[in-house]
Amino acid sequence: LSLASVNAFCPPVTKSGLKMVPNQRMSRMSMSSTASTQDELKKQVGYKAVDDYVKSGMVVGLGTGSTAYFAVERVGELLKSGELKDILAIPTSVRTKEQAESLGIPLVTLDTHSKLDVAIDGADEVDPDLNLVKGGGGALLREKMVEVMADKFIVIVDESKLCDGLGPGFPVPVEITPFCHEHTMRQVAALPSCAGCKPVLRMGSSSNNQVDGDEIAVTDNGNYIVDLHFEEPIKDPKKMAQEIKNVVGVVDHGLFCGMSTAVIIAGSDGISVKK
């Protein structure tokens, strides 16, 4: 028998021991290609945000997440080349702090620099009014504390994050205190503006909203996160934001309303900007 005929009867075996037929191979190649394309789009908007909005001598807020990662990377790259000088940056999470330190980006905090020239970060959803859902990565409190103090807040996304209404496409995260957290979850779910939502306590890692562990997820600030799942678009995000924030036991939430200066969007037709 030739090698070709043997392969025809005996499909290749994966490391897991499963036989992989041609359709499976094509599917995996397609998934890999999609992931590669998605990363390339994220890199494009991350780099463009830094190139267009960050100048030497600025205090810059560094966001958290897979898209913001590329903006941080670009700041480090331009500092190393000398194209940017005298930059001070404020990270919005422990992992962004570690990335920035590895790239030699000088870091400060809000304690010493309460005013920022610009902050750059991703988003999980963006509506037509440029209201955002953020916090899928669990850094919503620090992100909001930093980004609300920036003269310009630049949001970087790929086109998959655009939506007609916030809610159904991505759960709204709410950071709450561990003390009597079940009580706080009930109080939030009972709000008129949250009618119909399903509150789910985040488990495992705080850096995503998938259940990937048996322990309650804990944020960088030592708090818990409740993800609010909606089947219908949120009618009034600003009202909901205010109602949730007024619940005693809530630290903050992932609704970023009226904060965006510009949203840079990478899509199949290129890069566009909404203001």
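These legends accompany close-up views of a predicted model.

**View 1. Two parallel strands and the helix between them.** Welcome to the β-α-β unit, right-handed and built from β1, helix α3 and β2. Strand β1 covers residues 59-62 and pairs with strand β2, residues 88-91, in the parallel sense over four bridges. If you would like one pair to look for, valine 59 has leucine 88 as its bridge partner in β2.

**View 2. A salt-bridge network that includes two residues of helix α3.** Glutamate 77 and arginine 74 both sit in helix α3, three residues apart, or about one turn of the helix. Their closest N and O atoms are 2.3 Å apart in a salt bridge. Glutamate 77 is partly exposed at 37% relative accessible area, while arginine 74 counts as buried at 15%. Asp51 joins Arg74 and Glu77 in a network of salt bridges.

**View 3. A salt bridge within helix α4.** Here glutamate 101 and lysine 97 meet through their side chains, 2.8 Å from N to O. Both belong to helix α4 (residues 94-102) and lie four residues apart, about one turn of the helix. Glutamate 101 is partly exposed, at 44%, and lysine 97 is partly exposed too, at 38%.

**View 4. A salt bridge between two buried residues.** Glutamate 143 and lysine 134 form a salt bridge, with 3.3 Å between the closest N and O atoms. Glutamate 143 has a relative accessible area of 3%, and lysine 134 has 2%.

**View 5. Threonine 184 and its surroundings.** Look for threonine 184 in helix α6, residues 181-189. This threonine is buried, at 1% relative accessibility. Leaving aside residues up to four places away in sequence, threonine 184 touches Ile176, Phe179, Val247, Val248, Gly249 and Val250.

Key: Residues numbered from 1 in each chain as written. Predicted model: local features only at pLDDT ≥ 70, side-chain atom pairs only at ≥ 80, totals over all residues. Heavy atoms only, no water. Pairing = 2+ DSSP bridges. Right-handed = clockwise from strand over helix to strand, strands pointing away. Buried < 20%, exposed > 50% of the residue type's maximum accessible area, 1.4 Å probe, protein only. Contact = heavy atoms within 4.5 Å. Salt bridge = Lys/Arg side-chain N within 4 Å of Asp/Glu carboxyl O.
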